[in-house]
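Okay, thanks for coming, everyone. I'll walk you through one structure today, so let's get it up on the screen.

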Amino acid sequence: MTIKALIFDFDGLLMDTESTLLESWRWEWRRHGLELDPAGFFADHGGDANEPRYLELAAAVGPAYDRGSSHTLRMAYRAELNAALDPAPGIVDWLDRAAELGLRLAVSSSSPISHVGAMLDQAGLRERFEVLATGDEVAAHKPDPAVYLLALDRLGLRAQDAVAFEDAAHGVTAAHTAGLRCVAVPNPHADHARFAAADLLLASAAELSLDEVLAALDRRTDRPR
């Protein structure tokens, strides 16, 4: 298996923005004297899932609920949380080694470029990635493969020439549908049991070096999916 590029999801993988998302919603519910039930909070698809979350909160609060104020305050609080984030453990080591190996790097995210770009800038990672493919550029979000196909098109590579890295089960589905092999590094809120289809499952990017990851994938090239 000759790999020329690595394609990374963003939220929950490169940086733990999934935890700040959940915490911002918990904070907003508590501001109204309520507790958020986290069961079912994370959608089985990429992109913006906040509309039903606002509707659920509005139903819990009642007529006094102000959607505009709620959104503004929650987003400001999440921005504070995001500002304290660093790259996830092991990620920078992987990116450093990828550069040494001459591997090309891309991001493939269902989130919009305004979010992905700003967070990569904050972490000092944006210049590491040759290609950014984001959800505001495609018609459908993961598990649809569109954003992975866009990344491959911009890289000018075939799916067999790249490996995807994902933190969510629907992201693994998107990667496989695009023809990519996929390494899963579940985010803290994901059920590891849902990642049986992944070509390699890790608890953290710090669990294996990039060389060990690529060697493990190479040993599994004949594994049926």
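Let's start in the sheet: S1, residues 5–8, and S2, residues 104–109, run parallel and are joined by 4 bridges. If you want one pair to look for, take alanine 5, whose bridge partner in S2 is arginine 104. Before I go on, please keep in mind that this is a predicted model.

Now look at the other neighbour. S1 is also joined to S4 by 4 bridges, and those two run parallel as well. Here the pair to find is leucine 6, which has valine 163 as its bridge partner in S4.

And what about the faces of S1, are they covered or not? Both of them are covered: Ala5 and Ile7 sit on one side, Leu6 and Phe8 on the other, and all of these are buried.

Okay, let's zoom out to the whole sheet. How many strands are in it, and in what order? There are 6, they make an open sheet, and the order is S3-S2-S1-S4-S5-S6, with parallel pairing. The edges are S3, residues 131–134, and S6, residues 200–201, each of which pairs on one side only. As a quick reminder for anyone new to this, strands of a sheet pair through backbone hydrogen bonds, either parallel or antiparallel.

Let's go out towards the S3 edge. S2 and S3 run parallel with 4 bridges between them. You can spot serine 108 standing opposite alanine 133 in S3. Along S3, Val131 and Ala133 point one way, Leu132 and Thr134 point the other way, and all of them are buried.

Now the other direction. S4 and S5 run parallel, again with 4 bridges, and phenylalanine 165 has valine 183 as its bridge partner in S5. S5, residues 181–184, then pairs with S6 over 2 bridges, also in the parallel sense. Valine 183 turns up again here, since its bridge partner in S6 is leucine 200. S5 is covered on both faces, with Arg181 and Val183 on one side, Cys182 and Ala184 on the other, and all four names on that list buried.

There's a helix to see here too. H7, residues 169–177, lies across S4 (162–166) and S5, and runs at about 165 degrees to S5.

On to the other helices, beginning with H1. H1 covers residues 17–31, so to speak 15 residues, and reaches 21 Å from its first C-alpha to its last, close to the 21 Å expected at 1.5 Å a residue. Which residues of H1 are buried? They are Thr17, Glu18, Thr20, Leu21, Leu22, Ser24, Trp25, Glu28 and Trp29. What covers them includes H2 (50–61), H3 (67–83) and H5 (113–123). After H1 comes glycine 33, with a positive phi near 75 degrees.

Next, a helix pair. H4, residues 91–101, packs with H8, residues 210–219, at an angle of about 70 degrees, and the axes are 9 Å apart. That makes H4 roughly perpendicular to H8. Who meets whom? From H4 we have Trp94, Arg97, Ala98 and Leu101, and from H8 we have Leu210, Asp211, Val213 and Leu214. By type, the residues of this contact are 6 nonpolar, no polar and 2 charged.

Let me finish with a few single residues. Alanine 83 is in H3. Is alanine 83 buried or exposed? Its relative accessible area is 53%, and exposed means over 50%, so alanine 83 counts as exposed. Alanine 83 is also 39 residues from glutamine 122 in sequence, while the C-alpha atoms of the two are 7.6 Å apart in space.

Last stop is the loop between S3 and H6 (146–155), where you find aspartate 144. Aspartate 144 has a relative accessibility of 31%, which counts as partly exposed. From aspartate 144 to histidine 176 we have 32 residues in sequence and 10 Å in space, C-alpha to C-alpha. Proline 143 is found in this loop too, between S3 and H6. What kind of peptide bond joins lysine 142 and proline 143? A cis one, with omega about 20 degrees.

That's my tour, and I'm happy to go back to any of these places on the screen.

Note on methods:
Residues are numbered from 1 along each chain as its sequence is written. This is a predicted model: local features need pLDDT of at least 70, side-chain atom pairs count only at pLDDT 80 or more; totals for chains, interfaces and linings use all residues. Side-chain values use heavy atoms; hydrogens and water are left out. The expected span of a helix is 1.5 Å times one less than its number of residues. Buried means under 20% relative accessible area, exposed over 50%, partly exposed in between (1.4 Å probe, protein chains only). Contact means heavy atoms within 4.5 Å. Two strands pair if DSSP finds at least two bridges between them. Axes are lines fitted to C-alpha atoms, for helices over the stretch in contact, and angles run from 0 to 180 degrees between N-to-C directions. Angles under 35 degrees count as roughly parallel, over 145 as roughly antiparallel, 65 to 115 as roughly perpendicular and the rest as oblique. Ala, Val, Leu, Ile, Met, Phe, Trp, Tyr, Cys and Pro count as nonpolar, Asp, Glu, Lys and Arg as charged, and the others, Gly among them, as polar.
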